[in-house]
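Let's take a walk through this structure together, one neighbourhood at a time. Keep the viewer open and follow along as the paragraphs move from place to place.

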Amino acid sequence: MVDTAPLRESPAYRRIWAGNGLSAIGGQMTNYAVLLQVFLLTHRSLAVGLVGLAIAAPTIVVSLGAGPLIDRIDRRRTVLTCTGIQVGLSAALAVQAFAHLDRVWLLYLLVAVQASVGGVSAPARRTFMPTLLPKDQLAAGAALQILTMHGSATIGPALAGLLTAAGGLRVCYVVDAASFVFALYGVARLPPSLPRSSATASRGMRAAVEGFRFIRRQRPVLGAIVADMSAAFLAMPIALFPAINAARFGGDPTTLGLMTTAVATGGILGASLSGPASRLRRRGLGILTAGTVWGLGIVAFGFADSFWLAALSLLVAGAGDSTAVVLRTAVVQELTPDELRGRVSAAEFAAGAGVAQLGNLRAGALASLTSPGVAAVGGGLSAVAGAVLVGTLVPALVTLDRSPTAAPANRPSG
């Protein structure tokens, strides 16, 4: 079921895939630690949701502004520089935990700076895959990336819960700082990655406008990105986990970690279908269908009154989400030329990562006004309605039909 051809045939892709996966485990442990630390300091879902705002605002602003720059400079050097800065920021989070500073504003500040650096690094990383794999392997490569992302989200929070119970939150931050070594190794072995059109690329606002114009003209790309934004903003439930865990499941750190792990485990199941996904012709319709599954899973989670029913609901939601991401990535990468890849990747990252954090803010705020269960159910139903609306307003996404000969397997050098 899993298409592993990219790992077998591209050593460079294999190194990046492994390095990013190991580093992502540490990143997931830090995500767990920050959310739990904020909740323990405030006992408010809104305060946890504000972590999402601290991440979303710089992610959206910086990534969209960095898109034109990524299309003009050496992308490999950019990622290496950003990764070095991220090591220092993870170390700073560890220092505040060891020093028992217990300042919520400091946590917001550090995650905001992390998000700013990630707003440059992540879109630049996304440009590597199309240069290392042929077009007919992009869906498989995207699925493998989602597999590592959700694999780390399975291992990371569960491990973080155990380490937090044994040694405190500070251990999570230390492991994250050390894990960046693997990401550095994967990128350092790449050759220089200068965009083909860097000498003649537009600059400043004109370059950014060119990227947005391309997305607007390519209706399937526009529909895929908007569908992702809708699902992420309307139904993201992570900010609700600490409150629901405390209210329904005793507040144990281990069960909190397992709730995030359930979403990630579903993501692994969805990404494991990369073989069929690579051959799927109606990818646009697949994106909307998977988004509907995500929303229905969150609805079931909102009603669940037992931990295992909640975990099963999150698993189903995670499977739908990862399937949608795999198909969206394939559509965007196949239809985007190299000279615009940095700007389109930046917009895609802002839509996925930035808007998802705004979704956490929405969930936390709604939970404060109503209850965490109502926030989850309402968000899931809204996501289902959003998928229907996107399909109605952007019919080019629904009718997108990828014929078997539409994507020739011309392997790039490198």
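Helices here are DSSP runs of H or I, at least four residues in length, and they are numbered from the N terminus. With that naming in hand, keep in mind that this is a predicted model.

A good place to begin is helix α11, which covers residues 241–248. Which of its residues are buried? They are F241, P242, A243, I244 and N245. These buried residues pack against α2, α3 (45–70), α12 (253–271), α14 (283–303), α15 (307–335) and α17. Just after α11, G250 takes a positive phi of about 85°.

One of those partners, α12, deserves a slower look. The axes of α11 and α12 are 9 Å apart, and the two helices pack at an angle of about 125°. Angles that fall outside the parallel, perpendicular and antiparallel ranges count as oblique, the antiparallel range being over 145 degrees, and α11 is therefore oblique to α12. Their crossing is right-handed. On the α11 side the contact involves F241, P242, I244 and N245, which meet T255, L256, M259, T260 and V263 of α12. By class, this contact has 6 nonpolar residues, 3 polar ones and no charged ones.

F241 and M259 turn up again in the largest nonpolar core, which has 57 residues. Together with V38, Y173, W294, F301 and L314, they are the members that touch the most others. Which helix gives this core its largest share? That is α2 (residues 11–42), with 9 residues. For V38, setting aside neighbours within four places in sequence, the contacts are H43, A47, V48, V51, L107 and Y108. Another core, of 27 residues, lies apart from the largest one, and A66, F128, L132 and L144 are among its members.

Next, move to a second helix pair, α10 (residues 219–235) and α17 (residues 372–393). Their axes are 8 Å apart, and the packing angle is about 165°. How do these two helices run relative to each other? Because angles over 145 degrees count as roughly antiparallel, α10 and α17 are roughly antiparallel to each other. This crossing, too, is right-handed. From α10, the residues R219, G223, V226, A227, S230, A231, L234 and A235 meet G379, G380, S382, A383, G386, A387, V390 and L393 of α17. The contact divides into 9 nonpolar, 6 polar and 1 charged residues.

Now for some backbone geometry. Most residues other than glycine have a negative phi. Where do H100 and D102 sit? H100 is found in the loop between α4 (75–98) and α5 (104–126), and D102 is in the loop between α4 and α5 as well. H100 has a positive phi of about 55° although it is not a glycine, and D102, also not a glycine, has a positive phi of about 50°. Are they buried or exposed? With a relative accessible area of 55%, H100 is exposed, while D102, at 41%, is partly exposed.

The last stop is L327, in helix α15. L327 has 3% relative accessibility, so it counts as buried. How far is its C-alpha atom from that of V374? The two C-alpha atoms are separated by 30 Å, with the residues 47 apart along the chain.

Terms used:
Residues are numbered from 1 along each chain as its sequence is written. This is a predicted model: local features need pLDDT of at least 70, side-chain atom pairs count only at pLDDT 80 or more; totals for chains, interfaces and linings use all residues. Side-chain values use heavy atoms; hydrogens and water are left out. Axes are lines fitted to C-alpha atoms, for helices over the stretch in contact, and angles run from 0 to 180 degrees between N-to-C directions. Angles under 35 degrees count as roughly parallel, over 145 as roughly antiparallel, 65 to 115 as roughly perpendicular and the rest as oblique. A crossing is left-handed if the near helix is turned anticlockwise from the far one by less than a right angle, and right-handed if clockwise. Contact means heavy atoms within 4.5 Å. Ala, Val, Leu, Ile, Met, Phe, Trp, Tyr, Cys and Pro count as nonpolar, Asp, Glu, Lys and Arg as charged, and the others, Gly among them, as polar. A nonpolar core is a set of buried Ala, Val, Leu, Ile, Met, Phe, Trp, Tyr and Cys residues joined through side-chain atoms within 4.5 Å. Buried means under 20% relative accessible area, exposed over 50%, partly exposed in between (1.4 Å probe, protein chains only).
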